[in-house]
Amino acid sequence: MNKTRRPLIAGNWKMNHGGPTGVSLAAEIAALARAVSHTDVVIGPPFTALAACAAECHGTAVGIAGQNMHSKGSGAFTGEISAAMLKDAGCTWVILGHSERRQLFGETDGAVAEKTVAALGAKLLPIVCVGETLKEREAGETLRVVKRQVDAVLDILAQDAASVAIAYEPVWAIGTGKNAGPTEAEEVHEAIRTWLNGKSTDLAARTRLLYGGSLKPDNAAGLLGCPNVDGGLIGGASLDVAQFGAIARAAEAIASGTPGKS
Ligand code: PGA
């Protein structure tokens with residue numbers, strides 16, 4: 001991890017803990033976040049728990065992320081949520097283009113780009129997710145696919161001065177228990193950094209590149225220790241406060257220069 005960028009450890013709760021159990025989990029995470037002063041901690045509850053979790057975390061170091069949003073500001077879009085609504089609910093972040101959105105709900109690169117524009121316009125920080133499927137990896141297409149996904153948002157991210165994040169999440173590693181190894185992850189993260197740098201050195205310097213896909217306490221130090229990995233987007237392990245805490249402490253140990261403390 002590069003110490004000029006603060007590590008970001010973000011939990012994606014997916015379709016779990018939409019009520020009081022989410023508020024309890026948020027409270028536990030807020031308590032553990034007090035022990036990590038060099039690391040940004042963010043949680044992504046479902047829409048129904050955002051405002052309550054934001055209230056619970058108010059005054060703590062824990063940021064709140066929406067898991068998705070619509071690109072339009074308002075109107076006849078039954079069941080959708082706008083960037084301004086996420087802001088009103090207390091979000092500072094929004095996860096965009098998660099592979100489950102792309103694969104299960106047909107989100108295209110173009111749709112992710114529109115959402116990225118809308119998020120930045122509303123002063124929400126996007127965590128834009130990219131990543132290849134197993135078939136694409138086996139066909140040797142990983143970097144081509146990830147570059148296409150990054151290219152779709154590159155100009156948009158470069159136009160804004162916000163410290164945004166891109167999460168590299170190989171689809172074959174999500175929820176499978178099969179994480180990318182540090183060498184595989186770093187290869188893609190380094191490529192993303194190079195593409196950002198080709199657009200703008202400032203963009204490359206300020207963008208945090210997160211790894212996601214079966215990130216757990218036992219593989220966190222190896223993955224987070226990679227030079228171009230600036231944190232993690234965590235699904236399953238973010239629902240378990242002990243595991244999420246251990247991953248945050250692994251990031252903290254690297255960022256504060258005391259590896260081994262976890
Ligand atoms: P996982 O999910 O940690 O359960 O693999 C990651 C994600 O979907 O963001």
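This report describes the overall fold, the ligand site and selected residues of a predicted model.

Residues are numbered from 1 along each chain as its sequence is written, and side-chain values use heavy atoms, with hydrogens and water left out. Because the model is predicted, local features need pLDDT of at least 70 and side-chain atom pairs count only at pLDDT 80 or more, whereas totals for chains, interfaces and linings use all residues.

**Overall fold**

The chain has 11 helices and eight strands; these are DSSP runs numbered from the N terminus, helices being H or I of at least four residues and strands E of at least two. The radius of gyration is 17 Å, close to the 18 Å that the globule rule gives for 262 residues, so the chain is as compact as a globular protein of that length. The radius is taken over C-alpha atoms, and the rule is 2.2 Å times the number of residues to the power 0.38. Along its principal axes the C-alpha trace spans about 45 × 40 × 35 Å. Of the 262 residues, 53% count as buried, that is, under 20% relative accessible area, with exposed meaning over 50% and partly exposed in between (1.4 Å probe, protein chains only).

**Ligand site**

The ligand is surrounded by 13 residues, of which Lys14, His98, Glu169, Gly175 and Ser214 come nearest; a residue belongs to this set if one of its heavy atoms lies within 4 Å. By class, four are nonpolar, seven polar and two charged. Here Ala, Val, Leu, Ile, Met, Phe, Trp, Tyr, Cys and Pro count as nonpolar, Asp, Glu, Lys and Arg as charged, and the others, Gly among them, as polar. The table lists polar contacts of ligand oxygen atoms (pairs of N or O atoms within 3.5 Å).

| Residue | Partner atom | Distance |
|---|---|---|
| Lys14 | side-chain N or O | 2.7 Å |
| Gly175 | polar backbone atom | 2.6 Å |
| Gly236 | polar backbone atom | 2.8 Å |

Taken alone the ligand exposes 280 Å², and the protein buries 97% of that (Shrake-Rupley method, 1.4 Å probe).

**Selected residues**

Lys14 lies in the loop between β1 (8–12) and α1 (20–33), and its phi is near 55°, a positive value. His17 is found in the loop between β1 and α1; phi of His17 is near 60°, and His17 is partly exposed at 28% relative accessible area. Most residues other than glycine have a negative phi.

Thr116 lies in helix α5 (residues 109–121) and counts as buried at 0% relative accessibility. Leaving aside neighbours within four places in sequence, Thr116 is in contact (heavy atoms within 4.5 Å) with Leu96, Pro126, Val128, Val153, Ile156 and Leu157.

Conventions. A polar contact is a pair of N or O atoms within 3.5 Å; within protein, one must be able to donate a hydrogen and the other to accept it, and residues adjacent in sequence count only if both atoms are side-chain atoms.
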